[in-house]
Structures are given as C-alpha cells and as structure tokens.
Amino acid sequence: MTAPRLSAAMLDALPDSVRLPDYDRSAVKSGILHLGLGAFHRAHQAVYTDTVLANDPRWGIVGVSLRSERAAAQLNPQQGLFSVLSEDAGGHELRVIGAVQQVLMAPREPDALDAAFSDPGIHIVTLTVTEAGYCLASDGCSLDSKLPAIQSDLANPLQASTAIGVLARGLKRRLDAHGAPLTIISCDNLGNNSTRLRGALTAYLELSWPEVLPWLEAQLRFPCSMVDRIVPAQTEISLARQAELLGARDEAAIATEPFSQWIIERDFATPMPDWEAAGAVFVDDIAPYEEMKLRLLNASHSAIAILGLLKQQETVADVMADQALRKFIEQLMAKDLLSAIQAPAGFDLHSYRDALLARFSNVCLQHRCAQIAMDCTEKLRQRWLPTLAGRGENRRLLKALAAWCYLVVDTEIEIDDPRRDRLLAVRTSDAPVSEQLTALMDSLGMDTTLQQRCMPLLQAHYVDLKSGSPPTRG
Ligand code: CS2
C-alpha cells in the first residue's frame, strides 16, 4: 500500500523520532518572500527560519517559482510542509519544516505576486536562482540585457519569469503601494552575490521603471551572504527511503548532510529574523568567507565533478573512494587552492579543508558529478579564475581546466550550460586546438592577459589528455 501524502492533518501520526515544527503554524505571518524554491532553499534558509519561528511568528516564507510548476505542485498540496533528512556515518535526523506557507508561480499568478510584494509585513526578499539566474554578461557584473529572457520580461512585465524581471516589477508595485524598506539577500554561490544582484536590477530598472531607483538607493539594502550545505537532487530511490522513514510520501522531501553554514553581511534596512539564534552568523566583512567557500569547497567540487565524469564515476563519494582521483583532489586543495586564499580572521583553513574532505566522502549523499558539472561556464569563472589570476602554483588547476576542455570538445558527455550552443560549436568545429581553447576560455570570461599566461600549460595538459594520459598524472 502506498503511504499517505505528508500534510498538516497527519503530523501527529508521524513517528516520534521525527522532529516537527514546534510552533503554531496558524499564527505565522508572512515576512519573507523567497525566489527560487528549489532543494537548496528548503535544506538551508527554510530550516534556519523554521527554528526562528518557535520564538517569533513574523517570518513565514512565501515561495515564488519563476519558471517551473514543480515546487508549487510538490508543496502546495502539502500545505508547504516538507521533510529534511540530514545524514552521515554518525546517524541521521529527520525534521519536518513548516516555514513555507505557500508557493506562487510567478508568470501564472501576477496579482498574488504583486500583493505579496506590496505586503508591508514582508521585510525580506531572499533568492536562490543559481548563478545563471542573475542574467549577467560575460564580465560577471553587468546585466546581459540582450538575453531573450530579459527582452521578453521587459516586453511583458506581467509575465516576467527571470528573477530580475520579477523583482523589478515587485519593487515598482511596492513603491506605488507604500514604499516601505526591504532587505534583499542573494543566497547563491557568487562572490559579492547581492551586490551583483543590485547591479543587474539597477540596469533593468533603468530600462523599465527608472523612478524606482532613488527609493532603491535610499530604502533598500542588499547584504551579501555565504551559504553552505551540500544538497543532492532527490532520486526515486532516495524519495522512497525517506518516505519509509517518515511514514508518509513527501513529494518535496530533501536529503542533505548535517553540516550547514550561513554567513550574512550585517547591512539591513528592515527588522530581521533572529537567524543568529538558529546558527547563522552576521559579519561586517563577508569577502573572506565567500572567497574561502567558493575557492576551496566549490572549486574542488567542480574539479571532482569534471574528473569524475571523465572516469565514469557517478557521485562525489565515488570519486573520493578512487585513490588516484582522491590524491589529485587532495593535492589540488593543498598546493593550488589553499595557498591562494586569505582565511577569515581566526579561521583554521587546514581544519576547514579536512572537514571538506570528510563531507565529500559522505556516502549517505548521492551527490552526482553530473549535477555539479552543470553550468560550468558560470561556475568555473567564480571558482577557478580568481585563483588562476593569482601568482601561486596553478599546475593542477590548469590540469582540471584542461580536463573540462577535453570533456567539452572530445567526449559526447551531455552539456547542460547556459552557453551550451557556444560549447557545442567548439565540439563540432575542426579549428586548431589553440583556437578551440581560446573559444572555451572566452566562454568563461577569462581576460586576454590571463589567457596569455595560462595558455601554454593549458594547451600542453590538453594535448596530453588527447593522447590518452590520465588527468591525475603527475
Ligand atoms: C556544488 C554546490 O552544484 C554545485 O556546483 O558545488 O551546490 C555545493 O554543493 C554547495 O555550494 C555546498 O554548499
């Protein structure tokens, strides 16, 4: 018999081991609007907020999906409830989160969305829309206003489906309604994430509603944030196991690791949830935290994914169990990545690295290499280029970059990337190697000075790979 679907009515019937929302959900008011209600938000910001709600009912989350109906279909029939399984070799915890009140589908529900943006009880907008969701040009800073999705939002603001278009219209409505302040926080893996968001949004508003800009300057704040928790995409198998543990079928279930970190720049325009009481940290200078995470965790994650795919390893834990790959990753971290990072004050980078190796080796997480290898042109720019631009040892990082070039040009591995067409054009061209590599470096937004410096070694490693030498050699 299939288990009944998770719902508010059946919470009391769940096993005693399951941790439930310890507050009255009917007393919760909406205080946060979240754009992009994927797995990461559910395993991260929603969990911190759920903890806060036990003492302060002002911070319920209204979720907004931009393109897909999926999150609404998963969560609304469950009254926003979902379960988070956190697990490693030490054991597991299963918790039901009640912080999400409802999910709106932006292009289908413009009136409800306008009402949410105009609600004076909403003080905060958070976003997890992936690196590509900021619609940035190759310089990584300005808005790519020629993108078809941006052009379409500018032409049809009521059907907006990019984060930038939805946010711009929402701000216009809020200003027209009352102009109360707002704190807007990006929770995506981009350095200076909220500052970049602000830049893209400002450029969009200049083209659409420039009258919003003085208010944005005066009344809105965009604190940057560093988020960390490994959240693999669910599979049929993991969903079935979680249903068994929960005693209910949960279409929005999330499986993750016990570790979680959230660092937020202290720069707020509004009252804030006491996320610190739930384990987040507010800091004045976020740059060293962002740098540490992107250039160590995410940088090695991308290398793991690319090398793993080339060696037909399915998951990150599989890569870590492969002696040659593990050794390469350990060396990459120790020799190339660590030395290029300025640690936050009082932080021990070596223990951080050790903890990362243990997290990557967590066999409870089915974190597929293919998931991490998505959107490489966006990710590698953030994760690898700043280290390559430094003056330190870069040999292994250039090998990993050569491995990405090899994956794009010389294999038939599926490419899931916002610049897929450009990459496929290189795959099918018969241009000389140096031209192919230049085209790939251009797609990452690598400037010409850096290209000139990297090219000789990159090309040598790439030619080695083409001649059958494994990327982990040497
Ligand atoms: C991963 C990240 O998919 C990826 O690119 O590197 O999602 C990573 O799991 C998180 O940033 C961990 O906090």
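## A first contact

Two residues are in contact when heavy atoms of theirs lie within 4.5 Å. With that in hand, we can start at a single residue of this predicted model. Ala243 sits in helix H9. Setting aside the neighbours within four places in sequence, Ala243 is in contact with Ala248 and Arg249.

Is Ala243 buried or exposed? A residue counts as buried when its relative accessible area is under 20%, and Ala243 has a relative accessibility of 17%, so Ala243 counts as buried. Thr51 is 192 residues away from Ala243 along the chain, and the C-alpha atoms of the two are separated by 23 Å.

## The chain as a whole

Stepping back, the protein chain holds 20 helices and 12 strands. Its radius of gyration is 22 Å, close to the 23 Å that the globule rule gives for 474 residues, so the chain is as compact as a globular protein of that length. Along the principal axes, the C-alpha trace spans about 65 × 55 × 45 Å.

How much of the chain is buried? Of the 474 residues, 54% count as buried. The accessible surface comes to about 19,000 Å², and carbon and sulfur atoms account for 52% of that surface. Contacts also reach far along the sequence: among those between residues at least 6 apart, 77% join residues at least 24 apart.

## The three-stranded sheet

Let us turn to the sheets. Strands of a sheet pair through backbone hydrogen bonds, in either a parallel or an antiparallel sense. One open sheet has three strands in the order S4-S3-S10, and its pairing is mixed. Strand S4 (91–97) and strand S10 (254–256) are the edge strands, each pairing on one side only. From one strand to the next, the twist averages 20°.

Strand S3 (residues 82–88) takes part in both kinds of pairing. S3 and S4 run antiparallel and are joined by seven bridges, with Phe82 opposite Ile97 in S4. A hairpin connects S3 to S4 through two residues. With S10, S3 pairs in the parallel sense over three bridges. Here Leu85 stands opposite Ala255, and Ser86 stands opposite Thr256. S3 is mostly covered, with six of its seven residues buried.

Two helices meet these strands. Helix H2 (residues 45–53) lies across S3 and S4 and runs at about 70° to S4. Helix H9 (residues 236–246), the home of Ala243, packs on the sheet and touches S3, S4 and S10; the direction of H9 makes about 100° with that of S3.

## The six-stranded sheet

Another open sheet has six strands in the order S5-S2-S1-S6-S7-S8, and the pairing is parallel. Which strands form its edges? They are S5 and strand S8 (220–221), each pairing on one side only. Within this sheet, S1 and S2 run parallel and are joined by five bridges. His34 stands opposite Gly63 in S2.

Helices pack here as well. H4 touches S1, S2, S5 and S6, and its direction makes about 130° with that of S5. Helix H7 (residues 193–207) also packs on the sheet, touching S6 and strand S7 (182–186); the direction of H7 makes about 115° with that of S7.

## Helices H4 and H6

Which residues of helix H4 (residues 110–118) are buried? They are Pro110, Leu113, Asp114, Ala116, Phe117 and Ser118. The buried residues of H4 pack against strand S1 (30–35), strand S2 (60–65), strand S5 (100–105), strand S6 (124–127) and also H6.

Helix H6 (residues 163–177) has 15 residues, which at 1.5 Å a residue should span 21 Å; the C-alpha atoms at its ends are 21 Å apart, in agreement. Why can H6 be called largely enclosed by the rest of the structure? Of its 15 residues, 11 are buried, so the description fits. Among those buried are Ala163, Ile164, Gly165, Val166 and Leu167, and also Arg169, Lys172 and Arg174. Just after H6, Gly179 takes a positive phi of about 70°.

Note on methods:
Residues are numbered from 1 along each chain as its sequence is written. This is a predicted model: local features need pLDDT of at least 70, side-chain atom pairs count only at pLDDT 80 or more; totals for chains, interfaces and linings use all residues. Side-chain values use heavy atoms; hydrogens and water are left out. Two strands pair if DSSP finds at least two bridges between them. Helices (H or I, at least four residues) and strands (E, at least two) are DSSP runs, numbered from the N terminus. Axes are lines fitted to C-alpha atoms, for helices over the stretch in contact, and angles run from 0 to 180 degrees between N-to-C directions. The radius of gyration is taken over C-alpha atoms; the globule rule is 2.2 Å times the number of residues to the power 0.38. Buried means under 20% relative accessible area, exposed over 50%, partly exposed in between (1.4 Å probe, protein chains only). Accessible areas come from the Shrake-Rupley method with a 1.4 Å probe; for residues, only the protein chains shown count as cover. The expected span of a helix is 1.5 Å times one less than its number of residues.
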